[in-house]
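I sat down today with this model to go through its helix packing and its empty spaces. These are my notes, in the order I looked things up.

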Amino acid sequence: MVQDGSLAGSQIQLEQGSLLLGRGSDCDLRFQSDRDGGVSSRHALIQLAADGFHVSDQKSTNGTYVNGKAVQEKLLHQGDIIQLGRSGPKINVAVEFTALPTEPPKARTFQTLGERTFYNPEKPKKESHYWKTALALLGTGIMLFVVMILMLANLGFEGAFVGSFMAFLPAPFYLFLYLWMDRYDPEPPWAIAGAFAWGGLFCIFISFIVNTIFGSVAATFMGEPAGQTLSAIISAPFIEELTKGSGVVLIALFLRKEFDGVLDGIVYAGVVGLGFATVENVLYYGGTFLKEGPSALLFIGFLRGILSPFIHSFFTAMTGIGCGLSRESHNKLIQFGAPILGFFGAMMLHALWNLSASAMGGAFFIAYFVVWVPLFLGFIVFIFLIARREKRIIKRVLAVEQGGLLSPQEIDLAGSLMSRIHWLISANSWKKFQARRKYLRAVTRLAFCYWHVERALSAKTETLSMAQIPVFRSEISQLKTSL
């Protein structure tokens with residue numbers, strides 16, 4: 001029961017799940033800013049774990065106290081007094097708790113958020129992404145326009161047309177493969193379009209300038225052939241992976257809600273790399289066609305479009321994996337070090353590829369089949385295992401909702417690709433299809449929120465995913481009426 005402050009006398013029964021305390025609109029127990037100014041927007045969280053209810057401070061300005069002592073996290077007992085700030089409102093705790101079974105599932109068990117006697121009347125407003133989609137599409141359109149102007153200036157109409165046709169025609173197919181990787185939790189179209197535009201516009205523009213300057217300086221001192229070789233194995237790997245990798249890092253930092261782990265890092269890195277490779281291929285294809293004719297174009301098309309269509313994505317995926325490991329970990333060393341190590345891995349692979357490609361002829365094909373084919377096959381196996389891991393995570397963490405928000409059949413549906421596809425295409429109307437698609441996304445996002453919370457509690461730290469759990473649970477409950 002709340003003893004004082006703007007909510008004095010309020011009684012909140014929490015049977016399962018969590019309760020967010022603060023002044024923010026997303027809080028379950030929302031204090032008034034004019035009477036409880038010392039309470040932060042997200043001040044503290046009360047959460048049910050396997051051993052009982054815990055209170056944890058959410059990096060509040062004035063701290064959270066239990067029985068007069070400042071705490072970061074503490075198991076609550078009968079009669080404890082929670083105080084939000086040194087002189088803030090107090091909450092008297094009454095605990096009636098029976099320990100939860102720890103098996104199954106493994107690791108720390110989470111209970112559902114359940115039905116509560118207190119609800120925040122002001123539900124969080126659902127964010128619209130239409131403007132983001134429009135902005136990303138506008139950016140992509142600008143990219144295409146700028147690219148075409150550059151291509152026309154460098155290749156003329158005929159070279160630009162042939163190069164663009166050859167480069168952009170297979171791009172949707174390659175893009176589909178990346179989207180298939182992330183089939184359980186598809187990334188927003190506006191984020192995918194933005195990643196593609198970043199690789200195809202910003203990265204190409206900066207890399208073109210830096211590589212040209214570096215190559216010119218190297219050629220001045222060492223001759224044209226040596227300058228081109230040095231540009232290929234020093235300048236290009238560094239600046240191209242730096243610009244592509246920076247896009248993945250920005251996505252991981254600013255689109256944290258859309259970036260859950262290693263698989264998302266690979267997907268975003270792949271799309272950035274695909275944008276870069278597509279536009280770069282326009283130059284290669286168009287230039288080859290003008291200088292050496294259709295037969296040479298077919299050969300270079302075979303090399304770049306058949307033997308190595310994903311090579312830029314493969315390089316940048318190393319940075320993506322590093323960012324994914326950083327997202328999954330609460331260890332500061334891993335959070336900062338993994339993306340850096342990933343970048344160096346991407347740069348080294350890129351340099352090795354350019355070095356082998358500069359040999360051309362039989363030496364290139366020997367290196368291709370001896371080195372690159374095994375590396376790429378190993379990468380495919382790694383992606384497959386990561387996708388399988390994602391499936392297992394979804395089923396395991398959603399087990400806590402079984403019998404409450406979700407039925408066993410719904411949990412199996414969320415973790416099965418074929419069942420999801422069959423369920424979607426069996427919808428007898430577009431409205432129902434959209435509702436089912438949103439439902440599957442909300443269930444998957446809920447699972448990843450539980451997963452983030454699980455790892456945060458294990459590391460004795462906090463995660464913003466906690467506040468998203470009631471949002472997705474509410475969305476799931478509403479969507480069920482339209483399925």
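**Entry 1: the second largest pocket**

I started with the lining of the second largest pocket, where α5 gives the most, with eleven residues. A note on provenance before going on: this is a predicted model, local features need pLDDT of at least 70, side-chain atom pairs count only at pLDDT 80 or more, and totals for chains, interfaces and linings use all residues. Residues are numbered from 1 along each chain as its sequence is written, and side-chain values use heavy atoms, with hydrogens and water left out.

For the pocket I used a 1 Å grid over the protein atoms alone: a pocket is an open set of points with protein on both sides within 12 Å along at least five of seven lines, a cavity is a set where a 1.4 Å probe fits but cannot get out, and lining residues have an atom within 4 Å of a point. A volume is the space filled by probe spheres set on the points, with grid points joined across faces, edges and corners.

I get about 1700 Å³ for the second largest pocket. Its lining has 47 residues, and A232, E240, E280, Y284 and R304 lie nearest the centre. At least two lining residues each come from α1 (130-168), α3 (189-222), α4, α5, α6, α7 (311-328) and α8 (332-359). Helices here are DSSP runs of H or I with at least four residues, strands are runs of E with at least two, and both are numbered from the N terminus. By class I have 23 nonpolar, 18 polar and six charged residues in this lining. Ala, Val, Leu, Ile, Met, Phe, Trp, Tyr, Cys and Pro count as nonpolar, Asp, Glu, Lys and Arg as charged, and the others, Gly among them, as polar.

**Entry 2: α5 against α6**

Next I looked up how α5 (residues 262-292) sits on α6 (residues 294-307): the angle is about 155° and the axes are 7 Å apart. Axes are lines fitted to C-alpha atoms, for helices over the stretch in contact, and angles run from 0 to 180 degrees between N-to-C directions. α5 and α6 are therefore roughly antiparallel. Cut-offs for my own reference: under 35 degrees is roughly parallel, over 145 roughly antiparallel, 65 to 115 roughly perpendicular, and the rest oblique.

The α5/α6 crossing is right-handed, meaning the near helix is turned clockwise from the far one by less than a right angle (anticlockwise would be left-handed). On the α5 side the contact (heavy atoms within 4.5 Å) takes in E280, N281, Y284, Y285, T288, F289 and E292, and on the α6 side P294, S295, A296, L297, I300, G301, R304 and G305. I make that seven nonpolar, five polar and three charged residues.

**Entry 3: α4 and its two neighbours in these notes**

α4 (residues 224-254) and α5 cross at roughly 140°, and their axes come within 9 Å. That makes α4 oblique to α5. This crossing is right-handed too. E240, K244, V248 and I251 of α4 meet G265, Y268, A269, V272, G273, F276 and E280 of α5. The split is six nonpolar, two polar and three charged.

How do α4 and α7 pack, at what angle and how far apart? I find about 40°, with the axes 9 Å apart, so α4 and α7 are oblique to each other. Their crossing is right-handed. From α4 the contact uses E240, E241, K244, G245, V248, V249 and A252, and from α7 H312, F315, T316, T319, G320 and C323.

**Entry 4: cavities**

Searching the whole structure, I find five cavities of 30 Å³ or more. The largest has a volume of about 100 Å³. Its lining has 14 residues, with L45, S56, L457, T461 and M466 nearest the centre. β3 (44-49), β4 (52-57) and α12 (430-458) are the elements that give two or more residues each.

The second largest cavity holds about 70 Å³. α5, α9 (361-398) and α12 each supply at least two residues of its lining, and α9 has the largest share, with four. The lining divides into six nonpolar, one polar and five charged residues.
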